[in-house]
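Open your viewer, set the cartoon style, and keep the selection tool at hand. We will make a few stops, each with something to pick and something to look at.

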Amino acid sequence: MNINQKFGLRIKEKRKAKGLSQEKLANLAEIDRTYLPEVERGERNISLVVAEKIANALGEKLSKMID
């Protein structure tokens, strides 16, 4: 499993634990709703800016999402 897949899985786990849909999380993170599923599957090599937006939308620190 590569870093994109690991990070995507962490996002998916946190999103589901908070009871958020992909669309709701994308709206909170201010990213396109069609982009998030690809991130969760590890198909996108996202920037640190986008990673931080997603972490903030989940109420998490980016450093904790990467651990």
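Start with the largest pocket and colour helix α1, because α1 gives the most to its lining, with 5 residues. Keep in mind as you go that this is a predicted model.

**Stop 1: the pocket**

Select Ile3, Asn4, Phe7, Ala51 and Ile66; of the 15 residues that line the largest pocket, these lie nearest its centre. Now show α1, α4 and α5 together, the elements that each give two or more residues to this lining. How much space lies in the largest pocket? It is about 220 Å³. If you colour the lining by class, you should find 8 nonpolar, 3 polar and 4 charged residues.

**Stop 2: the whole fold**

Zoom out and show the full chain. The protein has 5 helices and 0 strands, and reading along the sequence gives the pattern α-α-α-α-α. Turn the model around: its C-alpha trace spans about 25 × 25 × 20 Å along the principal axes. The radius of gyration is 10 Å, which agrees with the value near 11 Å for a compact globule of 67 residues. Of the contacts with a separation of 6 or more, 53% are between residues 24 or more positions apart.

**Stop 3: the core**

Next, hide the surface and look inside, where buried residues make up 37% of the 67 residues. In soluble globular proteins, nonpolar side chains tend to be buried together. Here, the largest nonpolar core has 19 residues; select Ile11, Leu25, Ile31, Ile46 and Ile54, which touch the most other members. At least two core residues come from each of α1 (3-17), α2 (22-29), α3 (36-40), α4 (48-57) and α5 (62-66). Which helix gives the most to this core? That is α4, with 5 residues.

Centre the view on Ile11. Beyond its neighbours within four places in sequence, Ile11 is in contact with Leu25, Leu36, Val39, Glu40, Ile54, Leu58 and Met65.

**Stop 4: Arg15**

Stay on helix α1 and select Arg15, which lies in that helix. Is Arg15 buried or exposed? Its relative accessibility is 7%, and the cut-off for buried is under 20%, so Arg15 counts as buried. Show what surrounds this side chain: apart from neighbours within four places in sequence, Arg15 is in contact with Leu20, Ser21, Gln22, Leu25, Leu36, Glu40 and Leu58. Leu25, Leu36, Glu40 and Leu58 were also on the list for Ile11, so you can keep them displayed as you compare the two views.

Terms used:
Residues are numbered from 1 along each chain as its sequence is written. This is a predicted model: local features need pLDDT of at least 70, side-chain atom pairs count only at pLDDT 80 or more; totals for chains, interfaces and linings use all residues. Side-chain values use heavy atoms; hydrogens and water are left out. A nonpolar core is a set of buried Ala, Val, Leu, Ile, Met, Phe, Trp, Tyr and Cys residues joined through side-chain atoms within 4.5 Å. Buried means under 20% relative accessible area, exposed over 50%, partly exposed in between (1.4 Å probe, protein chains only). Helices (H or I, at least four residues) and strands (E, at least two) are DSSP runs, numbered from the N terminus. Contact means heavy atoms within 4.5 Å. On a 1 Å grid over the protein atoms alone, a cavity is a set of points where a 1.4 Å probe fits but cannot get out, and a pocket is an open set with protein on both sides within 12 Å along at least five of seven lines; lining residues have an atom within 4 Å of a point. Grid points are joined across faces, edges and corners, and a volume is the space filled by probe spheres set on the points. Ala, Val, Leu, Ile, Met, Phe, Trp, Tyr, Cys and Pro count as nonpolar, Asp, Glu, Lys and Arg as charged, and the others, Gly among them, as polar. The radius of gyration is taken over C-alpha atoms; the globule rule is 2.2 Å times the number of residues to the power 0.38.
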